[in-house]
Amino acid sequence: KYRAHSYNTSIGNLQQEELDLERTVAVLRKLRRQADEIGGGLRLPRIQALLDLQLAFIIYLMRDTAQAAHHLAAAFTTDPTLRTDARYFTRWLKARYRQIILHLPERLAESSFPEWTLKHLPTDAGAAFINELSKNVSAWSFSPASVKYHKARISLGAKWKIVKFLLQDARNWRGAHPVRMNTAMLAGSLMRKRMQAIFRS
């Protein structure tokens with residue numbers, strides 16, 4: 001049993017999401033400040049630049065675009081080789097785009113992050129880098145069709161898990177309630193309603 005109240009931290013709500021983002025920013029900033037002191041892989045310029053990129057992304061989600069732009073610029077200052085590695089930067093952008101679609105659906109309004117990033121790149125990023133990135137951002141991977149594709153993959157993945165669950169043990173098919181529930185998950189609400197009518201008759 002559990003008790004739900006207004007102070008729950010595990011129940012999804014907008015205030016909790018904002019708090020989670022603030023905590024993430026606090027952790028990333030502390031890690032970025034202490035990177036050299038901690039040592040190891042954190043001393044690498046690319047890793048430190050990645051921390052700045054992650055900060056730019058999270059702070060963008062918090063709608064503080066000025067601070068997000070600051071961290072974006074800092075990444076290119078920390079690791080100047082980033083200016084010639086459009087492939088790496090594109091992979092990072094794609095991962096952030098998918099993260100919004102798959103794990104932060106309530107933040108779909110912020111799915112324009114790739115376009116925003118393109119507009120706020122440092123002026124000395126280089127024409128070749130900017131041109132390649134522009135071409136990648138205008139490609140299918142960052143299109144509205146891509147959003148539908150990734151959502152469909154989630155749906156298919158969930159349905160496949162249900163099928164595996166049902167095939168593991170025939171007892172999972174027994175009873176009206178499991179059949180109605182699994183039919184709704186696999187075939188949609190229309191089929192669920194038809195199945196309900198069958199069980200009533």
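Visitor: What makes you describe the helix α3 as mostly covered?

Guide: In this predicted model, 13 of the 17 residues of α3 are buried, and a residue is called buried when its relative accessible area is under 20%. For the chain as a whole, buried residues make up 33% of the 201 residues.

Visitor: How do you know that the span of α3 is close to what is expected?

Guide: The helix α3 reaches 25 Å from its first C-alpha to its last, and this is set against the 24 Å expected for its 17 residues at 1.5 Å a residue. The helix α4 can be treated in the same manner, since its 14 residues reach 20 Å, and the expected value is 20 Å.

Visitor: What is called the largest nonpolar core here, and which residues have the most contacts inside it?

Guide: It is a set of 33 residues, in which Phe89, Phe113 and Phe129 have the most contacts. Two or more residues come from each of the elements α1, α3, α4, α5, α6 and α7, and α3 gives the most, with 10 residues. A set is called a nonpolar core because its members are buried residues of nonpolar kinds, joined through side-chain atoms within 4.5 Å. As a general point, nonpolar side chains in soluble globular proteins tend to be buried together.

Visitor: Which residues does phenylalanine 89 touch, once its neighbours within four places in sequence are left aside?

Guide: Phenylalanine 89 is in contact with Leu53, Leu72, Phe76, Leu82, Thr117, Leu121, Phe129 and Leu133. Two of these partners, Leu72 and Phe76, are listed among the buried residues of α4, along with Ala68, His71, Ala74 and Ala75.

Visitor: Why is arginine 96 called buried or exposed?

Guide: Arginine 96, which is found in helix α5, has a relative accessible area of 13%; the cut-off for buried is under 20%, and therefore arginine 96 is called buried. Leaving aside its neighbours within four places in sequence, arginine 96 is in contact with Gln54, Phe57 and Phe113.

Visitor: What makes the pairing of arginine 96 and glutamine 99 a polar contact?

Guide: The side chains of arginine 96 and glutamine 99 are joined at 2.9 Å, which is to be set against the limit of 3.5 Å for a pair of N or O atoms, one able to donate a hydrogen and the other to accept it.

Visitor: How do you know which side of α7 its buried residues lie on?

Guide: The buried residues of α7 are Phe129, Leu133 and Val137. They cover an arc of only 60 degrees around the axis, and so they are on the same side of α7. In general, an α-helix has 3.6 residues a turn, so residues three or four places apart point the same way. The face of α7 turned away from this buried side carries the exposed residues Ala127, Ala128, Asn131 and Lys135.

Visitor: Why is valine 137 called buried or exposed?

Guide: Valine 137 has a relative accessible area of 6%, and because the buried class takes values under 20%, valine 137 is called buried. Its C-alpha lies 7.9 Å from that of threonine 90, although the two residues are 47 apart in sequence.

Visitor: What is unusual about the phi of arginine 63, given that this residue is not glycine?

Guide: Phi of arginine 63 is near 65 degrees, and this value is positive, whereas most residues other than glycine have a negative phi. The place of arginine 63 is in the loop between α3 and α4. With a relative accessible area of 51%, set against a cut-off of over 50%, arginine 63 is called exposed.

Visitor: Which class does leucine 44 fall into, and why?

Guide: Leucine 44 has a relative accessible area of 48%; this value is neither under 20% nor over 50%, and therefore leucine 44 is called partly exposed. Leucine 44 has its place in the loop between α2 and α3, and its C-alpha is separated by 9.6 Å from that of threonine 78, which is 34 residues away along the chain.

Visitor: How many helices and strands does the chain have?

Guide: The chain has 10 helices and 0 strands.

Technical notes: Residues are numbered from 1 along each chain as its sequence is written. This is a predicted model: local features need pLDDT of at least 70, side-chain atom pairs count only at pLDDT 80 or more; totals for chains, interfaces and linings use all residues. Side-chain values use heavy atoms; hydrogens and water are left out. Helices (H or I, at least four residues) and strands (E, at least two) are DSSP runs, numbered from the N terminus. Buried means under 20% relative accessible area, exposed over 50%, partly exposed in between (1.4 Å probe, protein chains only). Contact means heavy atoms within 4.5 Å. The expected span of a helix is 1.5 Å times one less than its number of residues. The arc is that of the directions from the helix axis to the C-beta atoms.
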